[in-house]
Amino acid sequence: MASLPIITYPDSRLKTPSEPVEKVDEALLAFIADLEQTMRAGPGGVGIAAPQVGRAIRVAIVDVSSRKDTPNNGRVVLINPEITKWDGFAVGREGCMSVPDYTGAVIRAEKIELQCLDELGAERTYQMEGFEARAAQHEIDHLDGLLFLDRLVSRSGDLFRRKAYKKKGE
Amino acid sequence: MSGWTMLTIIGEDRPGIVAAVTKILYEKGMNLGEASMLRLGGAFTIMLMVQGAASADDVARIVQPVAEPMGLRVHADPIEGKLHDHVEPNARITIFGADRAGIVAKATGALAEAGYNISLLETDVGGSQVEPIYIMQMEGVASRGIQSLKDSLAGLAREGVEISVEPIDTMIG
């Protein structure tokens with residue numbers, strides 16, 4: 001296993017959609033092991049996607065199990081993931097190993113269902129919510145050539161001033 | 001490499017101020033860092049990091065020809081740049097209520113004692129002229145945890161001010 005170099009924006013490979021994995025084989029599993037080591041060495045350590053190390057394949061890893069009070073599916077390897085259901089939305093703050101020294105507010109679905117292949121090449125379905133769902137959506141965005149910068153919303157987004165409505169007769 | 005200047009410009013708000021100021025800075029070869037522009041009441045305000053001049057006074061002299069015709073006041077101070085060193089906030093506080101004297105002083109005084117370092121503060125006066133309300137939003141680092149912030153604001157909450165203290169849970173992916 002080896003920790004791989006993280007590529008950072010504006011590297012154009014981060015804005016390029018990735019190709020589906022065709023075969024789950026030894027070479028892919030070795031890459032996934034390296035990818036996981038890279039993730040665990042990073043500042044957040046809860047998610048990583050193959051394009052962040054310059055590989056344009058639809059592979060990502062999410063593991064939020066080390067955070068307290070956080071519903072999770074443990075260590076999840078996502079091969080060719082597709083989000084099949086979305087429910088609710090939440091504003092949360094995100095950063096990215098590929099975008100150092102900047103964080104911002106992003107709206108994500110609160111709950112998702114996703115389908116993917118696992119490391120045995122078997123089809124899997126996961127239900128995710130909250131922080132884990134946010135991490136998965138962030139990583140799947142990477143596979144589509146999107147960064148959280150593409151989805152920024154206002155920094156102080158939770159309380160907006162409304163226009164005063166004129167009362168009748170005014 | 002020349003040092004950084006914090007350029008402060010204020011005046012009556014009108015369209016095109018930022019465009020005019022940054023155009024002249026660009027033409028004179030200045031480099032811009034981080035900036036915060038806000039309309040406060042009817043006033044235009046901006047604080048802008050500028051690099052590339054020999055001194056802060058030089059930066060002020062560069063923008064003076066566009067600032068003066070627009071009735072803007074210019075102020076410039078030498079600062080250390082310290083870019084690429086963002087402090088990650090971990091707590092957001094929103095306070096609102098009927099506008100009255102002392103809300104900001106009481107809130108920030110209590111928060112400072114509780115170890116809260118504010119990195120962003122925005123306050124607005126909303127409501128009507130007859131019944132103004134005060135809205136205050138802050139982000140910062142709670143060095144002693146969220147609960148200590150909540151405890152520190154309990155007294156203010158009893159005075160009928162609405163207070164929300166929320167963790168900022170940054171997901172780094």
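This is a short tour of a predicted model with a chain A and a chain B.

**Stop 1: chain B as a whole**

Select chain B and show it as a cartoon. Count the elements: chain B has five helices and nine strands. Now follow the chain from its N terminus. The order is β-α-β-β-α-β-β-α-β-β-α-α-β-β. Along its principal axes, the C-alpha trace of chain B spans about 55 × 45 × 30 Å.

Colour residues 4–79 of chain B one way and residues 91–167 another. The first range is domain 1 and the second is domain 2. How far apart are the C-alpha centres of these two domains of chain B? They lie 31 Å apart.

**Stop 2: a hairpin in chain B**

Stay in chain B and select residues 31–40, then 43–51. These are strands β2 and β3 of chain B, and they pair in the antiparallel sense over eight bridges. Pick L32(B) in the viewer. Opposite L32(B), in β3(B), stands V50(B).

Next, look at the turn. Two residues lie between β2(B) and β3(B), which form a hairpin. G41(B) sits in this turn, with a positive phi of about 60°.

**Stop 3: where the chains meet**

Show both chains again. Select the residues in contact: 24 come from chain A and 20 from chain B. The size of an interface is often given as the accessible area lost when the parts come together. Here, chain A and chain B bury about 1,800 Å² between them. Carbon and sulfur atoms account for 52% of that area.

Now look for charged pairs. Side chains of opposite charge can pair when their charged atoms come close. How many salt bridges cross the interface of chain A and chain B? The rule finds three. One to display is R67(A) with D169(B), whose closest N and O atoms are 2.7 Å apart. Polar contacts cross here too: twelve residue pairs, both residues at pLDDT 80 or more.

Which elements of chain A give two or more residues to this side? Select β3 (76–96), β4 (99–117) and α2 (130–143) of chain A. The largest share, five residues, comes from α2(A). Colour this side of chain A by class: seven residues are nonpolar, eight polar and nine charged.

**Stop 4: strands paired across the chains**

Keep β3(A) selected and add residues 171–172 of chain B, strand β9. β3(A) and β9(B) pair in the parallel sense over two bridges. Zoom in on G95(A). The bridge partner of G95(A) in β9(B) is I172(B).

**Stop 5: details in chain A**

Move along β3 of chain A to N80(A), which is found in that strand. N80(A) has a positive phi of about 50°, although it is not a glycine. Most residues other than glycine have a negative phi, and most peptide bonds are trans.

Now select Y9(A) and P10(A). Is the peptide bond between them cis or trans? The bond is cis, with omega about 15°. P10(A) is in the segment before α1 of chain A.

In that segment before α1 of chain A, also pick K15(A). The side chains of K15(A) and D150(A) meet in a salt bridge, 2.7 Å from N to O. D150(A) lies in the loop between α2 and β6 of chain A. The pair links distant parts of the chain, 135 residues apart.

**Last stop: the whole structure**

Show everything and search for salt bridges. Over all chains there are 22.

Technical notes:
Residues are numbered from 1 along each chain as its sequence is written. Chains are lettered from A and ligands numbered from 1 in the order in which they are written. This is a predicted model: local features need pLDDT of at least 70, side-chain atom pairs count only at pLDDT 80 or more; totals for chains, interfaces and linings use all residues. Side-chain values use heavy atoms; hydrogens and water are left out. Contact means heavy atoms within 4.5 Å. Buried area is the accessible area (1.4 Å probe) that two parts lose on being put together, summed over both. A salt bridge is a side-chain nitrogen of Lys or Arg within 4 Å of a carboxyl oxygen of Asp or Glu. A polar contact is a pair of N or O atoms within 3.5 Å; within protein, one must be able to donate a hydrogen and the other to accept it, and residues adjacent in sequence count only if both atoms are side-chain atoms. Helices (H or I, at least four residues) and strands (E, at least two) are DSSP runs, numbered from the N terminus. Ala, Val, Leu, Ile, Met, Phe, Trp, Tyr, Cys and Pro count as nonpolar, Asp, Glu, Lys and Arg as charged, and the others, Gly among them, as polar. Two strands pair if DSSP finds at least two bridges between them. Domain bounds come from an automatic or database domain assignment.
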